[in-house]
Amino acid sequence: MNESKKWKSRLLSSSLPLEYEVAKILTDRDFSVSFDYSYYRKDANQKKEFSTDLKGLHFFPLDTEDRIDASLTLLAECKYREEGKKWIFLPDINKPEFSDFTLGYTIKSLAEFSKAKTKRDLITSFEDEFEFALKGVEINLTSGEVFDKDIRHGIAQLKFALPYLIKSTIEGNTYCHLADAKPAYIISVLVTNADLYILDDAFSIERVKECEDLNELTQHVPFLVCHSEIGPDFTDHHKEIFQGFSMDCEDIENLKIFEAFQKTQKDKKHQIYYSPLGCCHDLEQSYLFTMKKYYSQHFICNFKHFPEFIDKILNTLAEVTKPDQKKTRSKKK
């Protein structure tokens with residue numbers, strides 16, 4: 001490669017230009033953006049500082065200056081790939097009743113730490129539109145290399161950062177003025193310029209041997225949801241962060257008020273509700289079902305489709321958190 005062009009290739013491969021363009025897309029949609037969201041993680045029995053590339057914060061709505069209805073925090077990891085590299089994912093082949101995927105777990109809702117009514121069913125309907133993938137690999141069509149390191153690394157960066165963000169978000173609503181405690185949502189997304197593909201159900205060893213082109217085995221997708229297992233390393237990481245988290249929760253005024261309100265929203269048929277006290281306890285105990293809820297599903301998005309992806313997320317959450325207009329009007333009379 002010509003010496004004068006090496007710096008361009010290396011700058012692009014650093015993902016810095018991709019991070020900047022992703023940040024601009026977010027700021028164009030009224031996000032406040034910061035780079036390198038830092039957190040601690042054990043490495044060889046020592047605490048070491050890691051970071052995700054971007055954190056973005058958005059408030060709903062932005063069409064009025066005197067009201068905030070909810071917030072969305074986005075964590076993004078950016079992976080720039082050289083031309084010719086494709087990301088290929090295994091589809092979820094499990095029967096629905098045995099699948100590890102749960103609709104409503106990719107957008108992490110902490111709305112129970114507020115006194116707002118939300119339409120959570122809209123989140124599950126939204127996530128139902130996505131392809132679900134179990135595992136991904138990168139294929140370099142130029143060199144023939146196949147590996148999964150960068151995909152796994154990107155998801156791990158997001159997953160290990162999320163507990164810190166979830167904890168600080170809950171604490172923000174727990175200790176603020178009650179009027180300022182609004183529903184909070186969190187998403188994690190791995191953004192890449194590589195094209196994304198889902199392998200079809202008929203994928204097999206023989207088909208790989210017989211095919212002439214990758215397109216014979218796959219379906220091109222703009223974005224997807226990828227599953228990530230909860231391992232012992234992450235479990236230990238999570239337990240350390242949430243150690244003692246639920247201590248004296250019942251004595252915190254905001255939590256008592258949130259709990260009382262959520263009880264009024266109890267499902268009439270099943271007599272269950274979203275309990276903030278229960279959530280704090282479950283996070284501290286690091287139960288597997290709790291960690292699956294918050295950390296096992298992550299968005300992966302092709303950069304060209306990132307504006308469309310963000311607009312879909314914002315439009316959905318705007319509807320989820322939209323106040324009841326009839327009741328609002330009646331109160332003003």
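**A quick tour: surface patch, cores and a buried serine**

Let's start on the outside: Trp7, Leu11 and Leu16 together make a nonpolar surface patch of about 310 Å². Keep in mind that this is a predicted model. Inside, the largest nonpolar core has 45 residues, and another core, of 36 residues, lies apart from it. Then there's Ser188, a buried residue worth a look of its own.

**On the surface**
- One member of the nonpolar patch, Trp7, lies in helix H1, which covers residues 3–13.
- Its partners in that patch are Leu11 and Leu16.

**Inside: the cores**
- In the largest nonpolar core, the residues with the most contacts inside it are Phe89, Ile166, Leu283, Tyr295 and Ile300.
- Helix H4 (residues 149–175) gives this core its largest share, 10 residues.
- The other core, which lies apart, has 36 residues, among them Leu26, Leu54, Ala76 and Phe126.
- Take Leu283 as an example: leaving aside neighbours within four places in sequence, Leu283 touches Ile166, Ile170, His238, Phe242, Phe245, Thr290, Tyr294 and Tyr295.

**Around Ser188**
- You'll find Ser188 in strand E8, which spans residues 184–192.
- Ser188 counts as buried because its relative accessible area is 0%, and buried means under 20%.
- The side chains of Ser188 and His298 are joined by a polar contact of 2.7 Å.
- Beyond its neighbours within four places in sequence, Ser188 is in contact with Leu75, Lys108, Leu158, Leu162, Gln297, His298 and Phe299.

Note on methods: Residues numbered from 1 in each chain as written. Predicted model: local features only at pLDDT ≥ 70, side-chain atom pairs only at ≥ 80, totals over all residues. Heavy atoms only, no water. Patch = residues over 30% accessible without salt bridge, like charges linked within 9 Å, V, L, I, M, F, W, Y side chains within 5 Å. Areas by Shrake-Rupley, 256 points an atom, 1.4 Å probe, with all protein chains shown as cover. Salt bridge = Lys/Arg side-chain N within 4 Å of Asp/Glu carboxyl O. Helix = DSSP H or I, 4+ residues; strand = E, 2+ residues; numbered from the N terminus. Core = buried A, V, L, I, M, F, W, Y, C linked by side-chain atoms within 4.5 Å. Buried < 20%, exposed > 50% of the residue type's maximum accessible area, 1.4 Å probe, protein only. Contact = heavy atoms within 4.5 Å. Polar contact = N/O pair within 3.5 Å; in protein donor to acceptor, adjacent residues only side chain to side chain.
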